[in-house]
Amino acid sequence: MKVDRHNLKILEVLQTNARISNLNLADQIGLSESACLARVKKLTSEKFIREFQAEINLEKVRHAEFYVNVALKRQDSKTSESFRRAINKIEQIVSCVKMSGEFDYMLRFVCPDAADFNRVSEQLLADEDAAITRMTSHLVIEKTKPFTGYPLELLFQD
């Protein structure tokens, strides 16, 4: 599927306002409602749009957020799979990315407080299946540039 300027604009609008009505989206894009809806459905079926979600404002609830670098004992597929199973059991771990460099993974924890983070992280370190050799944690003090969307025009350049 080719992402033309209309599709790119649809993606740009939806990533910042997924609740926009099809009528308003069509008006912003300069398409008919039916053409706009067909494009959104096609972008969704082709997996350019993975899902529509609500972003919860964590500032409204008690929370502590941590980014945690993790180094594993070994870098083989069995160890990685065992680590993935271990972290998928922990609901406070809301995302994980595999990294290059000194650490193997970066985890994002969202916990009610630092005490809960300490309990959960110690539990994870003690889990032999997780195969963690080293962990460093960083408390988020302030989000100085929150996520506001991907730079789609740059990403879709030929």
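**View 1. Strand β1 pairs with β3 and with β4.** In this predicted model, strand β1 (residues 64–72) runs antiparallel to strand β3 (residues 105–111), and seven bridges join the two. Look for Glu65, which stands opposite Val110 in β3. Strand β4 (residues 132–139) also pairs with β1, again in the antiparallel sense and over seven bridges. Here the residue to find is Tyr67, which stands opposite His138 in β4. Eight of the nine residues of β1 are buried, so the strand is largely enclosed by the rest of the structure.

**View 2. The largest nonpolar core has 20 residues.** The residues with the most contacts inside this core are Val68, Val70, Phe83, Leu107, Phe109, Leu124 and Ile132. Two or more core residues come from each of β1, α4, β3, α5 (114–126) and β4. Strand β1 gives the most, with five residues. Val70 is a good place to linger: leaving out residues up to four places away in sequence, Val70 touches Phe83, Phe103, Asp104, Tyr105, Leu107, Ile132, Arg134 and Met135. A second core, separate from this one, has 16 residues, including Ile10, Val13, Ala26 and Ile49.

**View 3. Ser82 sits in helix α4 (residues 77–88).** Is Ser82 buried or exposed? Its relative accessibility is 13%, and because buried means under 20%, Ser82 counts as buried. Once neighbours within four places in sequence are set aside, the contacts of Ser82 are with Asp129 and Ala130.

**View 4. The annotated span covers residues 8–73.** The UniProt record, an unreviewed entry, carries the annotation "domain: HTH asnC-type" for these residues. In the model, the span is 45% helix and 14% strand. If you follow the span from one end to the other, its end C-alpha atoms lie 43 Å apart.

**View 5. The largest pocket holds about 1,900 Å³ of space.** The pocket is lined by 43 residues, and those closest to its centre are Gln15, Gln53, Glu55, Phe147 and Tyr150. Which elements each supply at least two residues of the lining? They are helix α1 (5–16) and the strands β1, β2 (93–98) and β3. Strand β1 may be familiar by now, as this strand also pairs with β3 and gives five residues to the largest nonpolar core.

Definitions and conventions
Residues are numbered from 1 along each chain as its sequence is written. This is a predicted model: local features need pLDDT of at least 70, side-chain atom pairs count only at pLDDT 80 or more; totals for chains, interfaces and linings use all residues. Side-chain values use heavy atoms; hydrogens and water are left out. Buried means under 20% relative accessible area, exposed over 50%, partly exposed in between (1.4 Å probe, protein chains only). Helices (H or I, at least four residues) and strands (E, at least two) are DSSP runs, numbered from the N terminus. Two strands pair if DSSP finds at least two bridges between them. UniProt positions are given in the numbering used here, feature names are shortened, and annotations may be inferred rather than shown by experiment. Contact means heavy atoms within 4.5 Å. A nonpolar core is a set of buried Ala, Val, Leu, Ile, Met, Phe, Trp, Tyr and Cys residues joined through side-chain atoms within 4.5 Å. On a 1 Å grid over the protein atoms alone, a cavity is a set of points where a 1.4 Å probe fits but cannot get out, and a pocket is an open set with protein on both sides within 12 Å along at least five of seven lines; lining residues have an atom within 4 Å of a point. Grid points are joined across faces, edges and corners, and a volume is the space filled by probe spheres set on the points.
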